[in-house]
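Here's a quick tour of a protein chain for anyone new to reading structures. Take a look at the model first, then walk through the points below.

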Amino acid sequence: MKYREIKRHLDKPDAVFDCESIVRARDYVVLKYVNARPGRVGDLEICAGSVTYGYYRHGAGYVLWKMCDPEGRLLGHLFHVCRNLKVGDHHVDYVDLMLDLWFDPAGRLTVLDRDELEAFRQRDGLSRQDMEWIARQECTIACRFARILEDFDAILAPVQAGSTSA
């Protein structure tokens, strides 16, 4: 089923992605996106044909992307800290709060975009409440990483078992 991701940015125009809905429940959706063009996450080059599984839970403070190469090998997990995450019947919508947490396949954490977040805060002014929200989400993700992935992998298992490629 076709599904749309609407990612609202603080510092640039919104981004809209057409995805495939592969799991839908009352308060969450898992979307699949095949990357048509190469991209980057931190220092990692993501090649065209790579697959991203996005996990969107209504009201959560993060979006989780499980990223795999075209052969299905895990590249890592990317958490986007966000607010106002809404899961609708045919779309997800959220405000991206700039800070991303990247976990490589071994579970090592790299925090991305902290400098950009701080520059934006100083230039355009994020509220104290926004900065506290971001800090709470960062702590929650870092502390609960293994449990979040365990839950997400359990949701994805039937889907991945039924396909010949991720």
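Let's start with one pair of residues: V23 has V30, in β3, as its bridge partner. Keep in mind that this is a predicted model. From that pair we can move out to the strands around it, then to the whole chain, and finally to what's packed inside.

**Strands side by side**
- The strands β2 (residues 15–24) and β3 run antiparallel to each other, paired over four bridges.
- Together, β2 and β3 make a hairpin, with three residues between them.
- β3 also pairs with β6, again in the antiparallel sense, and here there are seven bridges.
- In that second pairing, V29 sits opposite Y56 of β6.
- A handy thing to remember when you look at strands: in a regular one, the side chains alternate between the two faces of the sheet.

**The whole chain**
- Count up the secondary structure and you get two helices and 10 strands.
- The order is easy to remember: reading from the N terminus, the elements go β-β-β-β-β-β-β-β-β-β-α-α.
- How does the radius of gyration fit with a compact globule? For 166 residues such a globule would come out near 15 Å, and the chain has 15 Å, so the two agree.
- Along the principal axes, the C-alpha atoms take up a box of roughly 50 × 35 × 30 Å.
- Of the contacts with a separation of 6 or more, 45% link residues 24 or more positions apart.

**Inside and outside**
- Of the 166 residues in the chain, 44% are buried.
- The chain exposes about 8800 Å², and 50% of that comes from carbon and sulfur atoms.

**The nonpolar cores**
- The largest nonpolar core holds 28 residues, and L64 and F79 have the most contacts inside it.
- Which elements each supply at least two residues of this core? They are β3 (28–34), β6 (51–57), β7 (62–68), β8 (74–87), β9 (91–103), α1 (114–124) and α2 (128–161).
- The largest share of this core is from α2, which gives eight residues.
- Apart from this core there's another one, of 20 residues, including I46, M67, L85 and V87.
- Back to L64: leaving out its neighbours within four places in sequence, L64 is in contact with Y53, G54, Y55, H77, L78, F79, I148, L149 and F152.

How values were computed. Residues are numbered from 1 along each chain as its sequence is written. This is a predicted model: local features need pLDDT of at least 70, side-chain atom pairs count only at pLDDT 80 or more; totals for chains, interfaces and linings use all residues. Side-chain values use heavy atoms; hydrogens and water are left out. A nonpolar core is a set of buried Ala, Val, Leu, Ile, Met, Phe, Trp, Tyr and Cys residues joined through side-chain atoms within 4.5 Å. Buried means under 20% relative accessible area, exposed over 50%, partly exposed in between (1.4 Å probe, protein chains only). Contact means heavy atoms within 4.5 Å. Two strands pair if DSSP finds at least two bridges between them. The radius of gyration is taken over C-alpha atoms; the globule rule is 2.2 Å times the number of residues to the power 0.38. Accessible areas come from the Shrake-Rupley method with a 1.4 Å probe; for residues, only the protein chains shown count as cover.
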